[in-house]
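Hi,

Here is the structure I said I would pass on to you. Have a look at it first, and then read my notes underneath.

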Amino acid sequence: MESLSISRFWRYRRAHYRLTGKKCLRCERVFYPPKRSCPYCGSMDLEDYDPPERGEIIAWTKLYETGTPYTPYRPIYLALVKLGDMTALLQLTDVTDEKKQLRKGAPVELVFRRIKEDGSHGLIYYGIKARPAQPIETQE
Ligand SMILES: [Zn+2]
């Protein structure tokens, strides 16, 4: 997330706090973050899409170098996560075992967490992260 002013953060709070994306009513694709027009077909005929709170990892990476507001949280795990019809790039939290928890298809669930602090203004931003989850069904 780039640095946002308070007013801009407030305006996009639904996207940040609920991870609400957009579904295109013409081509039926879903995208996040929300935009005013569909990135695939250009239609402005869109509706909100609230994704399920569980999904799975498509790909992940680990960042050791980050911008200043994220320094206390390094290293940071980022994952491309499939949530229903939507794909979102999210920070992963509560990773305790990379080898077991982080692979393609591994289940994750959404959690509300501190994202960063703005030291100069004393602001703390919260938002959605994903954390490793237990599979819904066990195969025993
Ligand atoms: Zn479209």
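Below is what I found, going from the whole chain down to single residues.

First of all, keep in mind that this is a predicted model. The protein chain has 140 residues, of which 33% count as buried. You'll find 3 helices and 8 strands in it. If you walk along the sequence, the elements come in the order α-α-β-β-β-β-β-β-α-β-β. About 9100 Å² of the protein chain is exposed, and carbon and sulfur atoms supply 49% of that area. As for contacts with a separation of 6 or more, 47% of them link residues 24 or more positions apart.

Now the strands. As a general reminder, strands of a sheet pair through backbone hydrogen bonds, either parallel or antiparallel.

One sheet is open and has 3 strands in the order β2-β1-β3, with antiparallel pairing. Its edge strands are β2 (30-31) and β3 (46-49), each of which pairs on one side only. Between β1 (residues 21-24) and β3 there are 4 bridges, again antiparallel. If you want a spot to zoom in on, take Lys 22, whose bridge partner in β3 is Asp 48.

The loops around this sheet hold a couple of backbone details. Glu 28 sits in the loop between β1 and β2. Its phi is positive, about 70 degrees, although Glu 28 is not a glycine. Is Glu 28 buried or exposed? Its relative accessible area is 56%, which is over the 50% cut-off, so Glu 28 counts as exposed. Then, in the loop between β2 and β3, look for Pro 33. The peptide bond joining Tyr 32 and Pro 33 is cis, with omega at about 0 degrees.

Further along come β4, β5 and β6. Strand β4 (residues 54-63) pairs with strand β5 (residues 76-83) in the antiparallel sense, over 7 bridges. Trp 60 is the residue opposite Ala 79 in β5. On to the next pair: β5 and β6 also run antiparallel and are joined by 7 bridges. Here Lys 82 faces Thr 87 in β6. These two strands, β5 and β6, make a hairpin with 2 residues between them, and Gly 84 in the turn has a positive phi of about 60 degrees.

Gln 91 is worth a click too. You'll see it in strand β6 (residues 86-92). Its relative accessibility is 13%, and because that is under 20%, Gln 91 counts as buried. What does Gln 91 touch, leaving out residues up to four places away in sequence? The answer is Ile 76, Tyr 77, Leu 78, Lys 129 and Ala 130.

After β6, in the loop that leads to α3 (98-101), you get to Asp 94. This is another residue other than glycine with a positive phi, here near 60 degrees. At 35% relative accessibility, Asp 94 falls between the two cut-offs, so it counts as partly exposed.

Last stop: the second largest pocket, which holds about 160 Å³ of space. Its lining includes Lys 100, Gln 101 and Arg 103, along with Pro 132 and Pro 135. By class, the lining residues are 5 nonpolar, 2 polar and 2 charged.

Over to you!

Notes
Residues are numbered from 1 along each chain as its sequence is written. This is a predicted model: local features need pLDDT of at least 70, side-chain atom pairs count only at pLDDT 80 or more; totals for chains, interfaces and linings use all residues. Side-chain values use heavy atoms; hydrogens and water are left out. Buried means under 20% relative accessible area, exposed over 50%, partly exposed in between (1.4 Å probe, protein chains only). Contact means heavy atoms within 4.5 Å. Two strands pair if DSSP finds at least two bridges between them. Accessible areas come from the Shrake-Rupley method with a 1.4 Å probe; for residues, only the protein chains shown count as cover. On a 1 Å grid over the protein atoms alone, a cavity is a set of points where a 1.4 Å probe fits but cannot get out, and a pocket is an open set with protein on both sides within 12 Å along at least five of seven lines; lining residues have an atom within 4 Å of a point. Grid points are joined across faces, edges and corners, and a volume is the space filled by probe spheres set on the points. Ala, Val, Leu, Ile, Met, Phe, Trp, Tyr, Cys and Pro count as nonpolar, Asp, Glu, Lys and Arg as charged, and the others, Gly among them, as polar.
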